[in-house]
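Student: I have a model to go through with you. Let us take the ligand site, then the confidence.

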Amino acid sequence: MKYKLANRRYIGNKTALLPEIFSLLEQENIHYTTVADLFAGTGVVSERFLQEGSDVIINDILCANQIFYYAWLSNLPYNESVVMQFLNYYNSDCFPVYENYFSNTFSGTYFHHKNALKIGAIREHLENHKQELRPREFYILLASLLYTTDRVANTVGHFESFLRKKPPYKEFFLKPLQIQPLNGQSRIYHQDANQLIKDIKTDLMYIDPPYNARQYVNFYHILENLAEWKCPKVFGKTLKMDRANRMSEYSKSHALSFFSSLISQAQTKTILVSYSNTYDAKSSSSNNKISEEDMERILRSKGEVIKKEVPYRFFNAGKTALKHHKEYLYLCKVFVNNM
Ligand SMILES: C[S@@+](CC[C@H](N)C(=O)[O-])C[C@H]1O[C@@H](n2cnc3c(N)ncnc32)[C@H](O)[C@@H]1O
């Protein structure tokens, strides 16, 4: 068995929405050969565009997400047998483990001590042997480590907090990645979407920003920590590092003005936005930052808008119960003088 890109547990991922996205583009006869996925998250939407043969700009502010894009979606060369050599060594009993930053920081909370020892020791070994690997080989190995780390964690699927029960030991096995041939070229960015938008021009822009006050970096701080491997100090009960530089403006009170500025600067023929209505959520942090009315008003100022409502299984991060959850797709055919 191998890891597929879509095997990841990620809040707001659009794997289940892919058929709706692509059927809407087809129904509306949208032509494109270049695409920008500005809030790419897992990268599953980019992956589909690349498989179709489009050239894709893939962007997200989280550092760990870049690792996955370079591993699965880049056009960089790699040698599979080199990757397998490292994976086999890490999975074998010959691989030595010892106390390390990861085990000292996260044992007994997010991970069983034995799992934490192995994760930290592999990450350290990878860092020390980076020079022997081509960049994509390093990213593939790190991606496998990050996916496996998520699987053995004592969590509900994200790292906002750990479960109260003592972390059980979980079988730890690094799987290789299932890397599909891509028919398009990718360009990978790690920028604030509102900065990147100034420098790019594509036929289609897919925009899937965070919907509420829940910061993605809080959900995935351990993967960020492991991806960067700067061994930062962590704080508080939930052991998070300083995250000030990766907080999203889209999860703050001024989200609307950031969205409005993003749309007005987009140099494109078509914009496709997905957005979830979570306004009726019981917890205020789960309520939407941008209303349906504002979303429509902003997009209508840019072009002709088609709105499609999709009933969609809501990824329930906490206790929020939403009976009438809807996912919306807004397709905006940009007026010629606004492109
Ligand atoms: C709803 S998720 C996208 C999910 C994605 N479409 C998928 O299918 O996995 C929103 C993403 O936006 C990213 N993000 C938040 N603020 C951003 C910003 N200012 N610029 C770029 N990415 C941002 C988050 O890290 C998160 O991955």
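Student: How far does a polar side-chain atom of D60 lie from an oxygen atom of the ligand?

Tutor: This is a predicted model. D60 is among the residues that come nearest to the ligand. Its polar side-chain atom pairs with a ligand oxygen atom, within the 3.5 Å cut-off for a polar contact. The distance is 2.7 Å.

Student: Which residue has a polar side-chain atom 3.1 Å from a nitrogen atom of the ligand?

Tutor: Set the backbone aside here: K14 uses a backbone N or O atom, 2.8 Å from a ligand oxygen atom. The contact to a ligand nitrogen atom comes from a side chain. That residue is D192.

Student: How much of the ligand's accessible area does the protein cover?

Tutor: On its own, the ligand has 610 Å² of accessible area. It sits in the largest pocket. The protein covers 99% of that area.

Student: Which class has 13 residues in the shell around the ligand?

Tutor: There are 25 residues around the ligand. Charged residues number 4, and polar residues 8. The class with 13 is nonpolar.

Student: Where does pLDDT stay under 50?

Tutor: The chain averages a pLDDT of 92. At least 70 is reached by 93% of the residues. The stretch under 50 has 16 contacts beyond four places in sequence in the model. It is residues 314-321.

Note on methods:
Residues numbered from 1 in each chain as written. Predicted model: local features only at pLDDT ≥ 70, side-chain atom pairs only at ≥ 80, totals over all residues. Heavy atoms only, no water. Near = heavy atom within 4 Å. Polar contact = N/O pair within 3.5 Å; in protein donor to acceptor, adjacent residues only side chain to side chain. Areas by Shrake-Rupley, 256 points an atom, 1.4 Å probe, with all protein chains shown as cover. 1 Å grid on protein atoms, 1.4 Å probe; cavity = no way out; pocket = protein on both sides within 12 Å on 5 of 7 lines; lining within 4 Å. Sits in = over half its atoms within 2 Å of the grid points. Nonpolar A, V, L, I, M, F, W, Y, C, P; charged D, E, K, R; others polar. pLDDT = per-residue confidence, 0-100. Contact = heavy atoms within 4.5 Å.
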